[in-house]
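Q: Please give me a close look at one strand and its partners, set within the rest of the chain. Then go through the loops that have unusual backbone geometry.

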Amino acid sequence: MPNLNGAPSFKGTPSLMGVREWLQELGHSDDDVNGLNVIHVSGTKGKGSTCAFINSFLRAHGERTGFPRKIGLYTSPHLKYVQERIQIDSRPISEILFAKYAFEVWHGLSGKASPGPRYLQLLFLISVHAFIREGIDVAIYETHNGGEYDATNVIQKPVVTGITTIGMDHVEQLGPSIENIAWHKAGIFKHGSPAFSTFQEPAAATVLQQRANEKNVALQFIGVDSTLPRNALALKPEVQRTNCSLAIALASTFLKVKAPQLYCNLTSQDILQGIEQFSWPGRFHHIVDGNHQWFLDGAHNELSIQKSAQWFVEATSEGQGYLIMSDPNNVELEADISSQNPSCTRVLIFSHISERDGAALLKGVAEALHKGGLQIQHVILSTYEERQDGAVSMDHCSKTPEQPFSPDLQKDYIDAYRTVDPDARISIEPTIEGALNLAREIGSRENGMQALVTGSLYLIGGALRLLEKNTKEMPYNNHA
């Protein structure tokens, strides 16, 4: 879609470029890729959660009926280690399996025409290669960025496509308006494949419908499913009810098209079980360590940052049960967090350094917290640097920001927050570990602490590695 001046709105080299040829070099035809039975999801907010809900519903259906037998899930970015991006049967593939398929892809393309695949292109190629070799029955794919020119859009015949909530994000690449962004997101629509979308603001919805008409695609807009359980823990954040509803439509459509006729319906039992077993770390994620409570959410754009703050307000203001991931044993349990008492200190840990306006995002957090009537006693601003000793995890995927967290930028952030809360106590910690330690110190001397950690998935990934050092997760390791 051209911008208002008639020039193309996309900036940079399309990541779709070269992907089909590379797959063919690896021996994977269009039919092989289409044979993965893809559910393709794009959007600005909630893509990962929607894909995780789809995975959970299909897993519940498979446990009940035997189909699908094996489910692939591809999402980005990863939080703690790169294999999280490629999952089979709800588990990241093992290091051994990842290395096996990564080297097969790398050697398969060695000596071919350059330039070779970039980072996200390579990971997508590894996922397709792994899913084909592992013989999965369905592949759930989240786009990286946009849709029309995204590497994942090499998929020509998805079973069904879905669009989550669209907002103003990645404008440097996708264009200056919501219409431009919607045009790119709708690029995953394919003739012959039904499409679903959450309700969108009118300008975005109009573009989605226009693109669906151009491609002769049946597009249906989905509201919140009225049959969803009111008290389900996974649906406590209201936005997850929207993502869950879209996921139900996508999973149901997939089963009607691909499942044996006797088992082609997603039942209420499947839905309830899928909601109960739903897990998506780093999003609306609650960790309890004694009287220190951590509320982590990888919100990093204007839409999601407000939802993150709203969740923190509700979670710390209501005497309700919440699902808690408790370090060090990673045991899920229901706990009454009404233990928060009026003297419990609230802390905000924030980091966001990118082409987006991080100061404006921080101000958005402050405004949402203020609107919810929640007073933050301490604000800690940090970077994406994880460890105080300078050690870097081999899975750390954030590049050094082009705009470092300079004193001038720090001042912009502080000034932005204080336009909402002039009396806020604000500290700067150069590492995520330092920010967590400072929050612990505050909680230790002030009768407990509840901390909202948000602003970037890179921040959340580093925080989770530090908070859950002792957790263990069994990988998918079919060939190990």
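A: **One strand and its setting**

The secondary structure of the protein comes to 15 helices and 16 strands (DSSP runs numbered from the N terminus, with H or I over at least four residues for a helix and E over at least two for a strand). This is a predicted model, in which local features need pLDDT of at least 70 and side-chain atom pairs count only at pLDDT 80 or more, while totals for chains, interfaces and linings use all residues. Residues are numbered from 1 along each chain as its sequence is written, and side-chain values use heavy atoms, without hydrogens or water.

The average pLDDT (the predictor's confidence in each residue, from 0 to 100) is 89, and 88% of the residues score at least 70. Two stretches stay under 50. Residues 4-8 form one of them, with three contacts beyond four places in sequence (a contact is heavy atoms within 4.5 Å). Residues 319-341 also stay under 50, and for them the model has 66 contacts beyond four places in sequence.

Of the 480 residues, 57% count as buried (buried is under 20% relative accessible area, exposed is over 50%, and partly exposed is in between, with a 1.4 Å probe and protein chains only). Among contacts with a separation of 6 or more, 75% are between residues 24 or more positions apart.

The strand chosen here is β7, residues 195-198. Ala-195 and Ser-197 point one way from β7, Phe-196 and Thr-198 point the other way, and all are buried. On one side, β7 pairs with β6 (residues 160-163): the two run parallel and are joined by three bridges (pairing takes at least two DSSP bridges). Within that pairing, Ile-163 stands opposite Ser-197. Strand β8 (residues 219-222) also runs parallel to β7, and four bridges join them. Ser-197 has a bridge partner here too, namely Phe-221 in β8. To get from β7 to β8, the chain passes through helix α8 (residues 202-214), and this β-α-β crossover is right-handed; that is, with the strands pointing away from the viewer, the path from the first strand over the helix to the second runs clockwise.

The loops come next. Most residues other than glycine have a negative phi, and most peptide bonds are trans. A cis peptide bond joins Phe-67 and Pro-68, with omega about -5 degrees. Pro-68 lies in the loop between α3 (47-65) and β2 (71-74). The peptide bond between Ser-76 and Pro-77 is cis as well, with omega about -5 degrees. Pro-77 sits in the loop that follows, between β2 and β3 (86-88).

Asp-89 and Ser-90 are non-glycine residues with positive phi: near 55 degrees for Asp-89 and near 70 degrees for Ser-90. Asp-89 is in the loop between β3 and β4 (91-92), and Ser-90 lies in the loop between β3 and β4 too. Asp-89 counts as partly exposed because its relative accessibility is 29%. Ser-90 is partly exposed, at 22%.

As for cysteines, a search of the whole structure finds zero disulfides (a disulfide is a pair of cysteine sulfur atoms within 2.5 Å). Cys-51 has a relative accessible area of 0% and so is buried. Cys-344 also counts as buried, at 9% relative accessibility.
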